[in-house]
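Here's a quick briefing to read with the model open beside you. Take the topics in any order you like.

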Amino acid sequence: MNKYVKLFFRRIIKDFQQKELLPLKLLFFVNASTILILYPYLTIHMRELGINVEETAIMSAVIPVISILMPPIAGIIADKIGNFKILLAIFSALGGVSALMLLIVPVGRVTVVYPSSVEFALSCTGNSPINLWLYQENPCTPLHSHTYETDIQIETCGFVCRAITNGRDSMAILGAKSYSVQMHNIKANTTISDEFTNVNVPVHNSFEMSPVITKRVLKNNKNYSTSIRKLAAHSYFFPAPGLYNFSCGIESNDSDSAGSYSCNFGSTKHSKNQFTVGIVPQSQSEDDIDENKQLFQLAYMKNKQQLLPTTCLDGFPTNKEYIVVQIPLRRRNETVAYKTVDLGSCDTRCLVSSPRTTVCSNKQYLKDVDITVTFWAYLAVRVFIGMVGGTAYAMYEGAVIAVLREHKADYGLQRVYATIGGMISSPISGFLIDYASKGKDYTDYRPIFFLYASLKIVFAILVLFVNLKFKTPANNVISDVFSVLKKIELLALFAAFFILGTVWGYIESFLFWLIQDLGGSKSLMGITITVGGIAGIPLLVLSGPIIKRIGHANVIFIGFLFYAIRLLGYSLIYNPWLCLIFEAMESITSSLTVTAVVTYGAKLSTITTDTSVQGILGGLYFGVGKGSGSLVGGYLMKYVGTRTTFQIFSAVAAVTGLIYFCFNHFYMKKWPSEGRDITKKDSLQPTPSIIGVNVNEKVSDVETYESTGKDILPYEDALTNYGYEDTENIETEYTVSNGNTKV
């Protein structure tokens, strides 16, 4: 283990001593920081604008598919130009500035969040069960049709009166400043009247739509004892604090029985105003539908750990008085009543509240503003950004490969700095979003858009300092590309990278969606990328020896298997913080696997087709692959659910990985591609050994090295560090087919 630790630090120090690569390291750092500041949050930004999962899937698929043409074309143009850093700088800066246009896309749907509690009207009449009815002004879908437990709070008691009124009278009743309750004892021919004044006007949750505000939180009127409110379509609740209350007591017939709760409307003193109860939703009758209410029956009350049945006893009014509520109706801002109404058919009811999460399955809904404008405006901007970004990506990868070829450097070691950049920037993004959103009813993404644009411009300036003068233009780039594409090994790599892009695209688009549904914060979303980055650094540093030991194709196969494990893990968690366990696996699925693919592509291409092949790989992974994952994943989530969709993608990753493994081990060994194939061993190759890592090299190259003493290490080997370790003061042994030589 100690020798690998030494190798880890030796490789970092030696690579950092190459001054020519310092600008490249800075580019990797800034580029990854820029991308991971914004792109992981774009899906939930779309959600914030009211774009639903189906529309998100369509958009996430269309954007990369439309823009896929740009990376290959840009790669061909870059190979043709040679020194293309000015063009790369222009496209990078343009991509940053154009992202700001997403801030002016109007909100398509407003997310309306229901109040945190629901309000029931509780009835309790002699020899009947306790019933709770819920006015569906804010619709409530019961959690299920069976008994479930919730806590209820007795807020106040009063009278519910039925009245069919016009809109003007209804508003006047709800806004009444006073009313009187008259209780007529018909037998005794007496009337008791109570006046109630200083009544609070109820809270109205009506609001106007805005192109900026993305979220509205509805609130209940908490003035339970002083506000008139509706409890059904034609029923009004008039609080009468002090007249009576709801009370319950435990009665037991014998010592062996736990007893039961006996409840009634009676004493004005609270014996207890909080209960844990079991409720059962009832089927809606025609009257319930007309009155827009949902009836629940109270199945039990909980006493410590005992579930006790309940019964109702006769109570208030004790003499069966006939109750009438008299209300003077006034227009708004007028003091004189335009008429007085007497509402009969009044019954005793208590108003109780309960947490919405324990009663209803629906917590919010989307209200359309103009989703068509939002959808097409957002799509147009994202397509433009995708085309510009795809062009810049192909040129950037081409520049990276060109510099690595020139200086015989290691690709994985350069990606270490990209990982560090992402580890730093993504948590900063999450923190900025959470900080900017404090005290607001919506999530404010503006800080990360401005930061993204700024870093894109910085990246464009840094590109101008990269030396690409050594990259000569290609004369026959089209024919060179087609000749390379004849290799079946490269075509298999394209297919594998497309599936990897599909799986990655689904995670990229909907992992934060899942975390948000589980209640995770934006800061947690940023930390997920940091965790993957920390775990990925050792693998990037040692990617050369690892790839050499087990082969590019086997590394890619392992990447598929770890994708399968990650996706399955996400589908099983309920605590959002547990996703960090599976995010650590990104070190293999992203850091190591993508490094293997990029260097594999460079291995199978030529000096004149580097940028073109990298452009095709980028288009398949970030374009068609990501788009397919988003589209298929979004539709699957709609029809089979989020967790099942993660499991389906897990199975796809596992099956594809096995197919790719079998292809390389049973087909490519028998019918290898033309030229050296890094998934197999050549028969005429020496085998150096570097700290237990077998290193295969061409005989001609080794012989030339021994005879001339010059470093003529092939570029393909330098990319994956087959011989990079030869100059690191490590004992190396070469075994040549015609004899043994030790160096």
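A salt bridge here is a side-chain nitrogen of Lys or Arg within 4 Å of a carboxyl oxygen of Asp or Glu. With that in hand, start with a small network: Glu55, Arg109 and Asp368 are linked by salt bridges. Keep in mind that this is a predicted model.

**Salt bridges**

- Across the whole structure, a search turns up 12 salt bridges.
- Within the network, the side chains of Arg109 and Asp368 meet at 2.8 Å, N to O. Arg109 sits in strand β1 (residues 109-113) and Asp368 in strand β19 (residues 364-368), so this bridge ties together parts that are 259 residues apart in sequence.
- The two partners differ in cover: Arg109 counts as buried at 10% relative accessibility, while Asp368 counts as partly exposed at 48%.
- Glu291 and Arg162 also pair up through their side chains, at 2.9 Å from N to O. Glu291 belongs to helix α8 and Arg162 to strand β4 (residues 148-162), so the bridge connects parts that are 129 residues apart in sequence.
- Here Glu291 is the buried partner, with a relative accessible area of 2%, and Arg162 is partly exposed at 41%.
- Lys638 and Glu54 form another salt bridge, 2.5 Å from N to O. This one links distant parts of the chain, with Lys638 in helix α19 (residues 610-640) and Glu54 in helix α4 (residues 53-67), 584 residues apart.
- Lys638 is partly exposed, with a relative accessible area of 42%, and Glu54 is partly exposed too, at 23%.

**Aromatic residues**

- The whole structure holds 23 aromatic pairs.
- Take Phe246 and Phe265: their ring centres are 5.9 Å apart and their planes meet at 65°, so the pair is edge-to-face. The cut-off for that label is an angle over 60 degrees.
- That pair links distant parts of the chain, with Phe246 in strand β10 (residues 245-251) and Phe265 in strand β11 (residues 260-266), 19 residues apart.
- Phe246 is buried, with a relative accessible area of 0%, and Phe265 counts as buried at 2%.
- Tyr506 and Phe510 make a tilted pair, 5.5 Å centre to centre with 45° between the planes. They are 4 residues apart in helix α13 (residues 488-517), which means about one helical turn separates them. An α-helix has 3.6 residues a turn, so residues three or four places apart point the same way.
- Both Tyr506 and Phe510 are buried. They belong to one aromatic cluster together with Trp513, Tyr570, Phe582, Phe646 and Phe649.

**Charges over rings**

- The charged end of Arg643 sits over the ring of Tyr574, 3.8 Å from the ring centre.
- Arg331 does likewise with Tyr338: its charged end lies over the ring, 4.7 Å from the centre.

**Helix α6 and a nonpolar surface patch**

- Ile86, Ile90, Val97, Ile457, Ile461, Leu464 and Phe465 form a nonpolar patch on the surface, with about 690 Å² of accessible area together.
- Two elements give two or more residues to the patch, namely α6 (85-99) and α11 (446-463). The largest share, 3 residues, comes from α6.
- Ile86 is in helix α6. Is Ile86 buried or exposed? Ile86 is exposed, because its relative accessible area is 57% and the cut-off for exposed is over 50%.
- Other parts of α6 are covered: Lys85, Leu88, Ala89, Ser92, Gly95, Gly96, Ser98 and Ala99 are buried.
- The helix α6 has 15 residues and reaches 21 Å from its first C-alpha to its last, close to the 21 Å expected at 1.5 Å a residue.

**Backbone spots to check**

- Most residues other than glycine have a negative phi, and most peptide bonds are trans.
- The peptide bond from Phe316 to Pro317 is cis, with omega near -5°. Pro317 lies in the loop between β15 (310-312) and β16 (322-329).
- Asn292 has a positive phi of about 60°, although it is not a glycine. You'll find Asn292 in the loop between α8 (286-291) and β13 (293-303), and it is partly exposed, with a relative accessible area of 32%.

Definitions and conventions: Residues numbered from 1 in each chain as written. Predicted model: local features only at pLDDT ≥ 70, side-chain atom pairs only at ≥ 80, totals over all residues. Heavy atoms only, no water. Patch = residues over 30% accessible without salt bridge, like charges linked within 9 Å, V, L, I, M, F, W, Y side chains within 5 Å. Areas by Shrake-Rupley, 256 points an atom, 1.4 Å probe, with all protein chains shown as cover. Buried < 20%, exposed > 50% of the residue type's maximum accessible area, 1.4 Å probe, protein only. Phe/Tyr/Trp six-rings, centres within 6.5 Å; stacked < 30°, edge-to-face > 60°. Lys NZ or Arg CZ within 6 Å of the ring centre and 35° of its normal. Expected span 1.5 Å × (residues − 1).
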